[in-house]
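Me: Can you walk me through this protein? I'm new to reading structures, so plain words please.

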Amino acid sequence: MIVFPWFLLCFLLGPWLLITLYSRQLRTRNRQRRLSVLTRLGASPIENKRLVGFFHPFCNAGGGGERVLWTAIAALQRTEHDVVSVVYSGDVDASKIDIIAKVKARFDITLDPSALHFVFLQSRSMIEDSTWPRFTLLGQSFGSMYLAWEAMTKLIPDLYIDTMGYAFTFHIVSLLGRIPIGAYVHYPTISTDMLARVKSRKKWHTNTDAISTSAILSWGKLLYYRIFMYHYARSLRIARFLMVNSSWTKNHVDAILQHSDPLLELIHAVPPLLFLRLFIQNAGLTSAGIVYPPCDTREMAKFALEGRERIILSVAQFRPEKDHPAQLAAFERLLRAHPEYAETDTTGVKLVLLGGSRNAGDAARVEGLRLLAQELGIEDHVQFVVNASYPDMLKWLSRASIGLSTMVDEHFGINVVEFMAAGLIPVAHASGGPLKDIIVPFNGEPTGYHAGTPETFADVLHIALTLSPDQDLAMRRRARAWAVQKFSEAEFEKAWNASGWRSWLP
Ligand SMILES: *[C@@H]1O[C@H](CO)[C@@H](O)[C@H](O)[C@H]1NC(C)=O
Ligand SMILES: *[C@@H]1O[C@H](CO)[C@@H](O)[C@H](O)[C@H]1NC(C)=O
Ligand SMILES: *[C@@H]1O[C@H](CO)[C@@H](O)[C@H](O)[C@H]1NC(C)=O
């Protein structure tokens, strides 16, 4: 009874004392570091400047996540003159000038070098897949904590925003830097779906007479996922604000924020695990705000809406999940139900499948689709456009009438946004982003069509092909106005503001 408090004290006070002392030392040194960064940038007056740190170790990759990062920073530079953006980058082979030039070339985003500082991190390999062939989730999470530690030893900002989905860094930043934290989440590291899937697989294993080793293995895997989920949820709850890129991601992140695991909670009430609960604050966040990524629709939004050819266009890489066979099946139904569309005169309709073929698997898929078109007897009305250049794709977008997308549960669907901006009438599978975020009514009126089976796809294609000229033009106008506005940079900036990030700047 007398021993117990000492035991507690050692376990709790010891680490607490060490971390507090270390954090104080880092923060003291940081004053000098911060001063020298601001002096080098020529910022004045220095005392008014605030550093917003963006954790984006792959900032030079040129993908969708990077467009979000640079659009956000460019908006800050335009509207917040007391903010200096700090990007934590692992691209040690590129200089600040290189990165800024690449952002200009790739995204046409102009960055002001005087309000931007890069902290280059040496240990990015800690978060690369190749470093962690097994237990990748866990390995990368530890790796990201190590990388965040490197980041905090180099410069502590006034506000930390993770834009690459490394939630485990929040612990390190909060313990060492003692600063507010926020994040833009593209994709949850682990989802409640994954957990449920493993759980149901476990049941299946134990219900069958499968050998016990596989039961133990899947039980172990479930435990691993469960512990991981518990800590992922705890990490996310450290954040003061969370932004997500779509309603799909919002559903998942919200479920994770509200995830509870009473058993693990109980286990973490006992030292030494209690440490994790005591020293890591819970900001009490229960939901994330949607901030749709900006899409560059400037070119396509100029295309004429009238005088379109009777072309149904699909723009999708030849990957299995895009479900091109469903497009051929729907088109075959359409031609069978309405033979006039198979004529070669002005009533004829053509299906164009445009997409990239990345490898032998994709190439084989294209061959398979050609064969399928022959079997269905529609090959004369179907055209394949493989590996088209961007300008060629734009040309097709400017000619076609209808944009077709058959992927099930697509998280977003940038191709559908592009159809609409380009003036096509979109027809997409009734699921995921196209259903919830993109093809939704604008001012109470439809902006396109959804379908599920080949029959319903054929039905809505027929409806879209037989709109009166007035209805047709109105629909194209609405679809374009909605897509251009909803996924514009201005809208992105507004939603970013609405996250409340500004109120966390000291
Ligand atoms: C959100 O991010 C995920 C993962 O990178 C991506 O698949 C999805 O298309 C993104 N959504 C939007 C709206 O860009
Ligand atoms: C398409 O591009 C990929 C790689 O860029 C290449 O391997 C493939 O052969 C190309 N296919 C065609 C049909 O041009
Ligand atoms: C976002 O907030 C800043 C001020 O913090 C303001 O200047 C800017 O206009 C806002 N952007 C939008 C699109 O509302």
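**A chat about the fold**

Me: Which residue is the bridge partner of Tyr184 in β6?
Reply: Tyr184 has Met243 as its bridge partner in β6. Keep in mind that this is a predicted model.

Me: OK, and how do β5 and β6 pair, parallel or antiparallel?
Reply: Parallel, over four bridges. Strand β5 covers residues 181-185, and β6 covers residues 241-244.

Me: Where do the side chains of β6 point?
Reply: Phe241 and Met243 point one way, while Leu242 and Val244 point the other way. In a regular strand, side chains alternate between the two faces of the sheet.

Me: Are those four buried or exposed?
Reply: All of them are buried.

Me: What about β6 and β7, how many bridges join them?
Reply: Two bridges, and the strands run parallel. Strand β7 is residues 289-290, and Ile290 there is the bridge partner of Val244.

Me: Zooming out, what order do the strands of that sheet have?
Reply: The order is β3-β2-β1-β4-β5-β6-β7, an open sheet of seven strands with parallel pairing. At the edges stand β3 and β7, each with a single partner strand, so one side of each has no neighbour in the sheet.

Me: And what holds paired strands together in general?
Reply: Strands of a sheet pair through backbone hydrogen bonds.

Me: How enclosed is β1?
Reply: Largely enclosed by the rest of the structure, because five of its six residues are buried. Strand β1 takes in residues 50-55.

Me: How many bridges does β1 share with β2?
Reply: Six bridges join β1 to β2, and the two run parallel. Gly53 has Val86 as its bridge partner in β2. On to the next pair: β2 and β3 are parallel too, with five bridges, and Ser89 is matched with Phe120 in β3.

Me: Let's switch to the other sheet. What order does the open sheet of six strands have?
Reply: That sheet runs β10-β9-β8-β11-β12-β13, with parallel pairing. Its edge strands are β10 (382-386) and β13 (449-451), and each pairs on one side only. From one strand to the next, the twist averages 20°.

Me: How many bridges are there between β12 and β13?
Reply: Three, in the parallel sense. His429 has Ala451 as its bridge partner in β13.

Me: Now the ligands. Which residues are around ligand 1?
Reply: Gly64, His186, Tyr187, Asn245, Ser246, Thr249, Tyr292, Pro293, His411 and Phe412. That shell divides into four nonpolar residues, six polar and no charged.

Me: And which ones surround ligand 2?
Reply: Ser357, Arg358, Val386 and Asn387. Here the split is one nonpolar, two polar and one charged.

Me: Helices next. At what angle do α2 and α18 pack?
Reply: About 75°, with their axes 10 Å apart. That makes α2 roughly perpendicular to α18. Helix α2 spans residues 64-79, and helix α18 spans residues 489-498.

Me: Which residues meet there?
Reply: From α2 you have Thr71, Ala72 and Ala75, which meet Glu489, Phe492, Glu493 and Trp496 in α18. The residues of this contact divide into four nonpolar, one polar and two charged.

Me: I clicked on Gln77. Where is its place?
Reply: Gln77 is in helix α2. Leaving aside neighbours within four places in sequence, Gln77 is in contact with Leu111, Asp112 and Ala115.

Me: Why does Gln77 count as partly exposed?
Reply: Because Gln77 has 18 other C-beta atoms within 10 Å, and a residue needs 20 or more to be buried, while 12 or fewer would make it exposed.

Me: How far apart in space are Gln77 and Asp362?
Reply: They are 42 Å apart, C-alpha to C-alpha, and 285 residues apart in sequence.

Me: Last bit, the big picture. How many helices and strands does the protein have?
Reply: There are 18 helices and 13 strands. The C-alpha atoms fill a box of roughly 90 × 70 × 45 Å, taken along the principal axes. Of the 506 residues, 37% are buried.

Me: And what share of the contacts between residues at least 6 apart in sequence join residues at least 24 apart?
Reply: That share is 74%.

Notes:
Residues are numbered from 1 along each chain as its sequence is written. Chains are lettered from A and ligands numbered from 1 in the order in which they are written. This is a predicted model: local features need pLDDT of at least 70, side-chain atom pairs count only at pLDDT 80 or more; totals for chains, interfaces and linings use all residues. Two strands pair if DSSP finds at least two bridges between them. A residue is near a molecule or strand if its C-beta atom, placed from the backbone, lies within 6 Å of it. Ala, Val, Leu, Ile, Met, Phe, Trp, Tyr, Cys and Pro count as nonpolar, Asp, Glu, Lys and Arg as charged, and the others, Gly among them, as polar. Axes are lines fitted to C-alpha atoms, for helices over the stretch in contact, and angles run from 0 to 180 degrees between N-to-C directions. Angles under 35 degrees count as roughly parallel, over 145 as roughly antiparallel, 65 to 115 as roughly perpendicular and the rest as oblique. Two residues are in contact if their C-beta atoms, placed from the backbone, lie within 7 Å.
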